[in-house]
Amino acid sequence: MVDPKTRPLIVGSGIAGLYVALRCRELGLRPTVVTKSRIEESNTRYAQGGIAAAIGPDDSPARHLADTVRAGAGLVDRTAARVLTEEAPARIADLVRYGVPFDTVEGQIALGREAAHTRSRLLHAGGDATGFSIEETLRRRVLAAGIDARERTVLRALRPGGRVGPVAVLSSPTGTGVEVDSPRPVVLATGGVGSLYLQSSNPPVATGEGMAVAFRAGALLRDMEFVQFHPTAFAREGAPRFLITEAMRGEGAVLRNEAGERFMVGRHPDAELAPRDVVARAIQEEIGRSTHRWVYLDATALPSDRLFARFPSVTSFLVAQGIDPSRQLIPVAPVAHYMIGGVATDLEGRSSVPGLFAVGEAAATGVHGANRLGSNSLVEGLVFGERAARRLADPKPGGPGAADGVLEVPPIVGRGAQGEPALVQEVREILWNDVGIVRDGAGLREAIARLDEIATLTEPATASTLPGPVANAALTAALIARAALARTESRGVHFRRDHPRPRPSWARHLGLRRLRRTERGR
Ligand SMILES: Cc1cc2nc3c(=O)[nH]c(=O)nc-3n(C[C@H](O)[C@H](O)[C@H](O)COP(=O)(O)OP(=O)(O)OC[C@H]3O[C@@H](n4cnc5c(N)ncnc54)[C@H](O)[C@@H]3O)c2cc1C
């Protein structure tokens, strides 16, 4: 029985947050959405390639599941991935019902292909403006439904001990005021961490603050070492790191080094369509040998009209940069792109803290294992968003299972609450240089030492002062580095040059939790 007085607080306005809000409303709840910047600002808005679902005549959820498991390097939670792949078509039907204008061919939804998918199963909209179309459609629906949506940054989720849910502490957009909410279910749909890295495909809002908020509340985080790097972002000095979608390689574009050679051929049976981590590391190697800080994407063999029609956003960006991709090579290099880890949840978005949910990129269900199959993330927000909304409407206790191993991280005792942009910039450099595509123990230890120093500067000195967004971002960065140091092997997107192979003993998820012993002192 739905209690209409239930008013979940949904944090974030990407695909996960907006979809959960809409479904909560349809299920009779009264959700509020808070979001750090303008409502449309999110990773979702920039998604290009598509959204994966097995709807083609030659496809099946079982095949989609097999591809997801194969990409995940031995760590995919099969139950979660089965849920994702089986429920994806129904969630796509929801998007169609909301009015997302998916591209069609002869009246049928058009399906594209991407690396490591064995079938064409990517729905797209506006060519390569898939995320934009979804975000705009959901945003309009949320506003039309009269759902209260405000610009606020969530700083903290306090646990007063009630059964309803935590108490969120929010800052105003200017950061000058603080509001303390009442206890209610809180859904973290705060997205990923890409902008904690110097080179990133993500917009500035993606700084992993939701993960820090959950961690401070005592929630279990999981898989924080697994940050996916996208191999091909535009790489001209001074220009934005605009993503050049993998779907372009799916259509036949190839990678070439400075000498014009196709360096992926012979490196992997799928050449340019090898998993993203393999392509990203190969590009890094080529860059190491090159006089440039990039390699080239060559789309000149693609029919020009097809290239411009299928990729209108990418091609118009390139033309504005003075590159005609039908005739010229595109300089590209890897960037931080997607956070596989996050707040550990069960299949209904419940974290280990009662009343605290996480959905979308902020959550870690285990569905991506150690390497995400491209285009599985937009749909993840819908599938687990639907399940979270249903659970919010019919609350029952639950949460993620115990992690296979948990790293207990002591809280940093702060000396102040500085929030200088220079510190954020330093965090981004540290992560890119020492916690990036290729890592090693010495670099990770150095990174942790400096990130801890930064944390002492950004963490408040007294328990009554709240951590600001910079402290939350620095905390998330330190957790990524700690998890990366702990995993002494290479698997999926996590590559250690000092432990270059996977180890059977590491075929497990790593949890992180705030050390409880010292919690009393804060
Ligand atoms: C360039 C690019 C291309 C991509 N292409 C694809 C693709 O083709 N297919 C695919 O499946 N995936 C793709 N991805 C990944 C995909 O877009 C994301 O994983 C997905 O959109 C995440 O959705 P989300 O709702 O979880 O988070 P987001 O869309 O990132 O939304 C997070 C929201 O939380 C808000 N927020 C953050 N912190 C706070 C805070 N403390 N308080 C309040 N609000 C906060 C943000 O402002 C934002 O509104 C791409 C990503 C990028 C960057």
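**Exercise 1.** How much area does the protein expose, and what share of it do carbon and sulfur atoms supply?

*Solution.* The model is a predicted one. The exposed area of the protein is about 19400 Å². Carbon and sulfur atoms supply 52% of that area.

**Exercise 2.** Decide how the radius of gyration of the protein compares with the globule rule.

*Solution.* Start with the secondary structure: 13 helices and 22 strands. The radius of gyration is 22 Å, and the globule rule gives 24 Å for 522 residues. The two values are close, so the protein is as compact as a globular protein of that length. Along the principal axes, the C-alpha atoms fill a box of roughly 60 × 55 × 45 Å. Of the 522 residues, 61% are buried. Among contacts with a separation of 6 or more, 72% are between residues 24 or more positions apart.

**Exercise 3.** Classify the ring pair Tyr19 and Tyr98, and place both residues in the fold.

*Solution.* Rings pair if their centres lie within 6.5 Å, and planes over 60 degrees apart count as edge-to-face. By this rule there are five aromatic pairs. For Tyr19 and Tyr98 the centres are 6.3 Å apart and the planes stand at 75°, so the pair is edge-to-face. Tyr19 belongs to helix H1 (residues 15-26) and Tyr98 to helix H3 (residues 78-98), so the pair ties together parts 79 residues apart in sequence. Tyr19 and Tyr98 are both buried.

**Exercise 4.** Identify the ring cluster, then find charged ends that sit over rings.

*Solution.* Ring pairs join Tyr197, Phe229 and Trp432 in a cluster. The charged end of Arg372 sits over the ring of Tyr338, 4.2 Å from its centre. For Arg508, the charged end sits over the ring of Trp506, 4.1 Å from its centre.

Key:
Residues numbered from 1 in each chain as written. Predicted model: local features only at pLDDT ≥ 70, side-chain atom pairs only at ≥ 80, totals over all residues. Heavy atoms only, no water. Phe/Tyr/Trp six-rings, centres within 6.5 Å; stacked < 30°, edge-to-face > 60°. Helix = DSSP H or I, 4+ residues; strand = E, 2+ residues; numbered from the N terminus. Buried < 20%, exposed > 50% of the residue type's maximum accessible area, 1.4 Å probe, protein only. Lys NZ or Arg CZ within 6 Å of the ring centre and 35° of its normal. Rg over C-alpha atoms; globule rule 2.2 N^0.38 Å. Contact = heavy atoms within 4.5 Å. Areas by Shrake-Rupley, 256 points an atom, 1.4 Å probe, with all protein chains shown as cover.
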